[in-house]
Structures are given as structure tokens and as C-alpha cells.
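Student: I would like to learn how to read strands, sheets and charged pairs in a model that I have not seen before. Could we go through it step by step?

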Amino acid sequence: MSRHIVKTIRKVAGSLLAILALALAAPGSASSKEFAPAVGSGGSPFRDLCPAGQYLVGTNAHTGAVIDQISITCAPVKPDGTVGALFHGPVHGGPGGGTPKDPFDKKTERRTTCADNEIVNTMGLLPGTQQSRQVVRLIIFNCVLTTGTERHNLDIGDAPFFPTIYQNCPAGEAAIGLQGRAGAYVDALGLICGPFTKVVAGNGNGANPGSGSGGCSGLAGEELAICNEHNVERAKHGVAPLNWSPDLAKNAQAWVNACHTAKNDNGDEFFCHQSTSGCGTDASYHFGENLSFGWPSLGGKDAVDGWYCEINVYDFDHPAVQGGNLQGCDKNPNKVTGHFTQVVWRGSTRLGCARNTCSLGGNTGTLWACEYDPPGNFNADQPGVLDQNVPRPMQGLSTRVLVAGPPAQTTTAIISDVDLYDIPGGVGKVIGVLRKGQHFPLVGCRADDWCQLSNGWVWGSFIVRNHAP
């Protein structure tokens, strides 16, 4: 008889990376694109460049109602496509606002830098007013993969709107610095670009650099099935799809290869997480993890279905994360929900999974591990965190377009209320308001992240993005 056991989420990490070759042009050539500082006219001028050979990956910033203070964060790109040690530039602006200090700010669950295989190539600015002067209210960076075209947004600041000013590095370039003006606040910013050539595959271990881009593109077999099923379930909640990460998959593979087990106080054996005491773990691990075991075998789609079915006991009116074990969707007496919440967690953007044949309690079957970055279920006891990261499922949403294959996307979901414009760029006429949970035909998206629906234009941050434009 087939059995299916899933395990609770813990925080884990690791980075066993593909070996790739890098081709980089020296940044800062005379032909590089520079944007004049935009928004306000106050403050003192500054111009900050990343060190030679490094690229902009984010900022350290004080933010409140506007951007109070900013300093560039840079990093080199290593031969495997990941970024190296972070460099922080000089500080500009005033002392107001909050102060995230880490690449992933645990208090706000927001990144202050791109992911570990991304750099900045676009900046959007939203003007604001403070003490009768025009200043920068919100910054949105486009973080693009060093190995492909997939990208996501990195928000610096907090505003329920989207940028009206856009600065896009030309093809073959990426951001290498910022220039602007600042006083008590950040008054104006301009992106400085320099040449960059994408990381390309070399004579490494056969890893496919494209498998980390385009959602589930580049995958096959059970890896494709488990990645697709995650994104099908996430689309039901209006949450953006996860991007497959080779380094997370390698971390998962290294863990399941050892079939780590432990015993509880009752002597019962269980598969342990990378954060479980006694399993040789590293306290610096910081990813999320779902485990699933089934015998005589367990497919990737079935593993995700076993995690997602915890929605049957999840109370959206009184949300809570409950860890623990369950044996199939019909055997959840402890009302475990932590696997479901990790699958659909809005703040997670990357996924990597692996499987191995293991034995437990005399049964031999398939053990799956999936790793998530940033981790889900973080600060789940704080007010509003679960409402934001585990939204209710949307009625009538088509999910068939999330599977890998030709970009045949025809429908998109609205993630939150947003204005609809007659032309792209945020400079046209507002012709309507789209509401969270609605879905519309999607014509396509431009390089500046403006997307055309059947009835107008919206900024791409407010819709489910199923494939790169």
C-alpha cells in the first residue's frame, strides 16, 4: 500500500553551485549609458561608482514615507554566475526612516539586495513630497539573472503605487553605480550603466544555466513536474511563480542523498531537516524546506499535492502556521499547515528540489526535499504577515499557462489593486482601476516591465508574471 508522509518546514541553507565560465567587459567605458538625476532639484550632488569589476545589486537605505538615506551596494560576479562579497558605498541623505542592514531584512521580510545570481539593470522612481520639496518616494530595481533574462522587482521603500520615471540600461549593459542629489532626503537619482556580458556555460559539471530562469524552463521529468505543480498552486492565490534555482536543487540533492534520519523521544524514526539538531546542520543555513516521503515511490506532482492539501484545514479568517507530520491528506489530526503555507508563500521567489531512494520503518521509497529562498513561514506570528504572504485562492483563475513550454500565456491575475492606463509608462490617462483577484487576457510585457492587458496597460509588479517577455 502506498503511503505518503510529509515533514514540517524549517530554516535551512546551502550553496553547491554549477561551474560556469564568465565573460565580462570592464565597466565604466566611455560609451556606457548614464541617466541624469531625476525627481527633485534640491540637495547636494553625489556620484558613486562600484569598484572596478563590480555591479550594482541593491542599496542600504533609510525609508519611511520617502527615501531618507541611501548608499549603493555592489558585488563582483563570480565564474558560476553568483555574486561575491558585498561592497557598501558612502551614505547620502538624512537620518530619518527605518534602517534595513541585511541583504534580506528579517523584520520586514524584504530584500535589500537582488538574489545571489542577479544584478540590477533597470530603476524605476516614484516622486514624492516632503517639507514642500520634491524627493524620491519609492525605488524599484529590476534584478536580472546573470545567466538569463528572467528578472524580478526589488522595492526600496513602501508605497501603494508604481514608478513614473524609468531608467533602463541598454542591451549588453548593467548598473554600476548611482548619481543624484541628497540633503535631509534623497532628492534625485540617476542610474549609471556599464558593459556586462551574460555568464555562459563552460566545461563544468553539466549543469544547465538556463534552468534557473524562466520559471521552470530548462527542466524535464520529475523536476519539471514538481516545479510546475508549485506554480500551478501559487497561481490559484495570485502569487508570482517560483524560479528554479540550480544551487538550491544541488543543496537538496546533497541532503536527500544521505537519507538523514533521527528518532523522537518515543523512539519513532523520522527523516530530519537540515536544521534538525543531531543531523550535522549548519546554523548559518537560511532557506525554507519541505520534505515528503512515499513508498514504493512518490512523484514530484504528488509530493506538492500532499503539501498543498493542508489548505483543507487552513483558516484564512484566523491564519496560523502549524508544523508537524501528516500521513496523507485525509490524516491530518494535528491540523498541520506549514507545508501549504511554504508552497504559496508570496515572499519566496526561488525553488530547488531533489529526490532519492531511502528507507524508513522498513519501507523503501522516494524522499523529496524542496528548498525555498527567501524562506516561508518567517515572522508568521507577526500581525498581517500571513494575510500578506498566504492570500486566499482566487475564484476562476486559469492556471494552465504556468507549465513550461512555449510562452502561450493568455490570462493573468491581478495581485493587488492597481490603476489601468491607456498607454505604457505611467504618463497617460488612468482609464480604470483593477481589483485584486481579477484576471484578464494578457497581450505581453515590454522590457521596462509595463504589461498590456486586453483593456489597457499596468505595471508588471501588480500581475502574475508567467514567463519572461
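Student: Let me begin with one position in a strand: which residue of β16 stands opposite Glu173?

Tutor: Before we start, keep in mind that this is a predicted model. To read a pairing, we take a residue in one strand and look across to the neighbouring strand; here Glu173 stands opposite Pro195 in β16. The strands concerned are β15, which covers residues 173-182, and β16, which covers residues 186-195, and they pair in the antiparallel sense over nine bridges.

Student: How many residues make up the hairpin connection that joins β15 to β16?

Tutor: The hairpin passes from β15 to β16 through three residues.

Student: Which strands belong to the sheet, and in what order do they lie?

Tutor: The sheet is open and is built from four strands in the order β3-β16-β15-β4, with antiparallel pairing. At the edges are β3 (38-39) and β4, each of which pairs on one side only. On the β4 side, six bridges connect strand β4 (residues 44-49) with β15, and Asp48 is found opposite Leu178 in β15. On the β3 side, two bridges join β3 to β16, and Ala38 has Leu189 as its bridge partner in β16.

Student: Is strand β15 mostly covered or mostly open?

Tutor: It is mostly covered, since DSSP strand β15 has nine buried residues among its ten, where buried stands for a relative accessible area under 20%.

Student: Let us turn to charged pairs. How many salt bridges does the structure hold?

Tutor: There are ten salt bridges in the structure. One of them is formed by Asp116 and Arg350, whose closest N and O atoms are 3.5 Å apart. This pair links distant parts of the chain, because Asp116 belongs to the loop between β10 (110-111) and β11 (118-130), whereas Arg350 belongs to strand β23 (residues 350-360), 234 residues apart.

Student: Are the two partners, Asp116 and Arg350, buried or exposed?

Tutor: Asp116 is partly exposed, at a relative accessible area of 24%, while Arg350 is buried, at 5%.

Student: What distance separates the closest N and O atoms of Glu233 and Lys236?

Tutor: They are 2.8 Å apart, and the two residues form a salt bridge. Glu233 is buried, with a relative accessible area of 4%, whereas Lys236 is partly exposed, with a relative accessibility of 29%.

Student: Where in the chain do Asp317 and Arg392 lie?

Tutor: Their side chains meet in a salt bridge of 2.5 Å, N to O. Asp317 lies in the loop between α3 (300-308) and β22 (326-327), and Arg392 in the loop between α5 (385-389) and β25 (411-413), so the pair ties together parts that are 75 residues apart in sequence. Asp317 counts as exposed at 55% relative accessibility, and Arg392 is partly exposed at 46%.

Student: Which residues are joined into one network by salt bridges that share partners?

Tutor: Asp116, Asp247, Arg350 and Asp373 are joined in that way.

Student: What is the nearest side chain of opposite charge to Glu371?

Tutor: It is Arg350, 10 Å away, and Glu371 is buried yet has no salt bridge. Glu371 is located in strand β24 (residues 363-373), and the side chain of Glu371 makes a polar contact with the side chain of Gln274 at 3.5 Å.

How values were computed:
Residues numbered from 1 in each chain as written. Predicted model: local features only at pLDDT ≥ 70, side-chain atom pairs only at ≥ 80, totals over all residues. Heavy atoms only, no water. Salt bridge = Lys/Arg side-chain N within 4 Å of Asp/Glu carboxyl O. Buried < 20%, exposed > 50% of the residue type's maximum accessible area, 1.4 Å probe, protein only. Pairing = 2+ DSSP bridges. Lys, Arg positive; Asp, Glu negative; His and termini not counted. Polar contact = N/O pair within 3.5 Å; in protein donor to acceptor, adjacent residues only side chain to side chain.
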